[in-house]
Structures are given as C-alpha cells and as structure tokens.
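Work through the exercises below with the model open. Each one gives a task, then a solution in steps.

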Amino acid sequence: MSRELWIYCDESDQSGRLFSNFYGGLLVESHHLLEVEARITAARRAAGLDAEVKWQKISEAYASRYMALMDEVFNLASEGKLKLRVMFSQNINAPPRLTPQQREDGFFLLYYQFIKWTFGLQHAGQRDAPTRVRLMFDKLPDSREKAQRFKGYLSGLGKSPDFRRAGIQIDMEAIAEVDSKHHILLQCVDVVLGSMQFRLNRKHEDKPEGSRVRGKRTIAKELVYNHINRRIRELRPNFNIGVSTSDDGDTSNRWAHPYRHWLFKPNAQK
C-alpha cells in the first residue's frame with residue numbers, strides 16, 4: 001500500500017546578524033495527518049490563540065500560550081507522529097565568490113538542498129510500495145517563473161538514483177504554495193524557525209534604542225525559545241543549537257530522528 005509524506009516548509013532571516021538563510025520544515029505521514037492537525041488545532045484553541053500563530057506576534061501576555069501550543073507539537077514529535085527540521089548557514093562560511101546568477105538564485109538553490117537532505121528521505125522508503133511526497137510551501141517570495149522552475153527541479157528529485165532506490169516520488173502537482181493563515185502546521189514551523197533565528201542571531205540581547213534594559217517582547221520571546229529548547233533536549237540530550245545534529249554514525253537517523261538541525265556549509269559533505 002502506498003503512503004504519502006506531507007512536508008510543510010517555511011523560511012526566515014535570509015540575511016541575519018550572524019546566521020542567515022533559515023529554512024524549516026514539519027513532516028507528517030498521511031495516516032497521522034488528521035490526528036496531528038486536530039490535536040494542534042485543539043491546543044491552539046485551548047491556549048486562546050484565535051488568530052494566526054506567528055513568532056513575531058509573541059508578547060508578554062501570550063508567551064505562556066505559545067509555550068502550551070509548542071508542548072503539543074513536541075508531544076507529537078516524541079510520539080513519532082511528526083518530524084521537525086531546521087537548516088541555516090553561518091555568515092563566516094559564506095562562499096567568497098558567487099556568480100551573479102548564483103546570487104540571484106541562492107534562495108531556491110538552498111531551499112532545494114533543504115528538501116533533498118534534511119529529512120533523510122533517501123531512508124524513508126518502503127520495500128513493498130512507493131512513497132509519495134507532498135510539499136506545502138508558504139508563498140514563495142519571488143517571481144512565478146522562478147517558483148515554477150524551482151518546483152520542476154524538486155519534482156526531478158524523484159528521478160535521482162537515491163530517491164528511486166527508496167521509492168520516493170515527488171510529482172509536480174503535489175508541490176503547492178499555500179496561505180499560512182489556513183495551515184496551522186505551517187504556522188508552527190514559523191514559531192520553531194523564528195525561535196532559532198532569534199537565539200542564533202542574539203536577538204535576545206536586543207535593547208530598545210536609548211534603553212539599558214531589554215523590552216518585554218524580547219524577554220517574552222526568550223522565554224518561548226527556552227521552552228522550545230528544553231523540549232528539544234528531551235528528544236535530543238545535549239542538543240547544540242548552532243551545529244548540525246549528529247546522525248550518531250548511522251545515516252538512516254537523518255530520517256529517524258524527530259528533530260534535527262543542519263548547519264549548511266558550501267561544498268561540505270551532507
């Protein structure tokens with residue numbers, strides 16, 4: 001029997017203070033999808049989060065509500081019902097020479113690498129049936145022509161040797177751009193991804209101009225980040241936010257682990 005993997009993708013901070021090019025994704029298998037959506041939607045309602053959930057909306061009054069929502073997300077991850085991935089680059093590792101075309105296409109080139117490697121899809125196949133992948137992107141911030149070309153490259157992944165051996169298929173019609181307001185799983189990606197770029201770029205240290213103390217919103221966001229970090233450490237003891245998560249000597253763990261980071265380095269081994 002065939003199965004489907006749904007991957008919800010978002011991006012943030014393409015040019016950060018210390019780290020840039022943040023990409024995040026949440027993967028859920030089709031047979032878990034209704035339960036995952038229902039439980040997260042119920043958690044959002046119980047927390048009194050009626051509007052769209054976004055990292056930038058976190059304030060002192062809402063910090064505990066966002067933590068409650070993230071608890072349900074990580075409960076599901078610990079139960080093996082969803083997986084989370086974050087990719088980013090460190091500014092000191094930026095390649096010194098890029099062609100004008102590479103600079104122009106950099107956003108999509110990195111997004112392609114994110115999809116190809118971070119979830120370990122090469123290890124996700126089943127022996128007796130194909131595995132179809134659905135990709136749900138928050139609206140891509142570029143021209144329609146570039147977005148279509150990008151989707152074409154992604155659909156071509158299914159023809160690559162590793163994906164073919166694993167029975168992984170990515171059809172063009174299974175790649176969509178959606179409005180995050182209507183997709184709670186995409187909103188959760190935004191929160192997790194936002195928390196990582198917030199901490200890695202030391203935004204928790206920011207102070208309003210002319211002030212000697214941090215603002216209440218900054219303190220609230222740090223509380224939410226710390227809570228997310230604690231939940232990740234329950235899944236991955238000694239988790240280090242700023243480095244790639246080890247596969248513990250077994251590349252199949254790139255698929256198996258519920259939460260992983262990838263610090264992207266140009267020309268580095270995957």
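The model is predicted. Just after helix α6, Arg202 has a positive phi of about 55°. The exercises start from this helix.

**Exercise 1. Compare the span of α6 with the span expected for its residues.**

Solution.
- Step 1. Helix α6 has 17 residues.
- Step 2. At 1.5 Å a residue, these should span 24 Å.
- Step 3. The end C-alpha atoms of α6 lie 25 Å apart, which agrees.

**Exercise 2. Determine how many residues of α6 are buried, and what follows for the helix.**

Solution.
- Step 1. The cut-off for buried is under 20% relative accessible area.
- Step 2. In α6, 16 of the 17 residues are buried.
- Step 3. Helix α6 is therefore largely enclosed by the rest of the structure.

**Exercise 3. Describe how α1 packs on α6.**

Solution.
- Step 1. Locate the helices: α1 covers residues 30-46 and α6 covers residues 184-200.
- Step 2. Their axes are 10 Å apart, at an angle of about 65°.
- Step 3. Angles of 65 to 115 degrees count as roughly perpendicular. So α1 is roughly perpendicular to α6.
- Step 4. The crossing of α1 and α6 is left-handed.
- Step 5. From α1, the contact uses Leu33, Val36, Glu37, Ile40, Thr41 and Arg44. From α6 come Ile184, Leu185, Gln187 and Cys188.
- Step 6. Sort the contact of α1 with α6 by class: 6 residues are nonpolar, 2 polar and 2 charged.

**Exercise 4. Do the same for α1 and α2.**

Solution.
- Step 1. The axes of α1 and α2 come within 8 Å and cross at roughly 160°.
- Step 2. Angles over 145 degrees count as roughly antiparallel. The helices α1 and α2 are therefore roughly antiparallel to each other.
- Step 3. Their crossing is right-handed.
- Step 4. Val36, Arg39, Ile40, Ala43 and Arg44 of α1 make the contact with Leu69, Glu72, Val73, Asn75 and Leu76 of α2.
- Step 5. The classes in the contact of α1 with α2 are 6 nonpolar, 1 polar and 3 charged.
- Step 6. Look back at α1. Val36, Ile40 and Arg44 take part in the contact with α6, and also in the contact with α2.
- Step 7. An α-helix has 3.6 residues a turn, so residues three or four places apart point the same way.

**Exercise 5. Characterise α7 and place Glu222 in it.**

Solution.
- Step 1. Helix α7 (residues 216-235) has 20 residues. From first C-alpha to last it reaches 30 Å, close to the expected 28 Å.
- Step 2. Its buried residues include Ala220, Val224, Tyr225, Ile228 and Ile232, and also Lys221, Glu222 and Arg231.
- Step 3. Their cover includes α2, α6 and β7.
- Step 4. Glu222 is in α7. Its relative accessibility is 19%, so Glu222 counts as buried.
- Step 5. Beyond four places in sequence, Glu222 contacts Phe198, His204 and Arg214.

**Exercise 6. Is Ile175 buried or exposed, and what does Ile175 contact?**

Solution.
- Step 1. Ile175 sits in strand β6 (residues 175-178).
- Step 2. At 7% relative accessibility, Ile175 is buried.
- Step 3. Setting aside neighbours within four places, Ile175 contacts Leu135, Phe137, Lys151, Leu154, Ser155 and Ile170.

**Exercise 7. Place Ser2 and list its contacts.**

Solution.
- Step 1. Ser2 is in the segment before β1.
- Step 2. With a relative accessible area of 37%, Ser2 is partly exposed.
- Step 3. Past its neighbours within four places in sequence, Ser2 contacts Ala129, Pro130 and Arg132.

Conventions. Residues are numbered from 1 along each chain as its sequence is written. This is a predicted model: local features need pLDDT of at least 70, side-chain atom pairs count only at pLDDT 80 or more; totals for chains, interfaces and linings use all residues. Side-chain values use heavy atoms; hydrogens and water are left out. Axes are lines fitted to C-alpha atoms, for helices over the stretch in contact, and angles run from 0 to 180 degrees between N-to-C directions. Helices (H or I, at least four residues) and strands (E, at least two) are DSSP runs, numbered from the N terminus. Angles under 35 degrees count as roughly parallel, over 145 as roughly antiparallel, 65 to 115 as roughly perpendicular and the rest as oblique. A crossing is left-handed if the near helix is turned anticlockwise from the far one by less than a right angle, and right-handed if clockwise. Contact means heavy atoms within 4.5 Å. Ala, Val, Leu, Ile, Met, Phe, Trp, Tyr, Cys and Pro count as nonpolar, Asp, Glu, Lys and Arg as charged, and the others, Gly among them, as polar. The expected span of a helix is 1.5 Å times one less than its number of residues. Buried means under 20% relative accessible area, exposed over 50%, partly exposed in between (1.4 Å probe, protein chains only).
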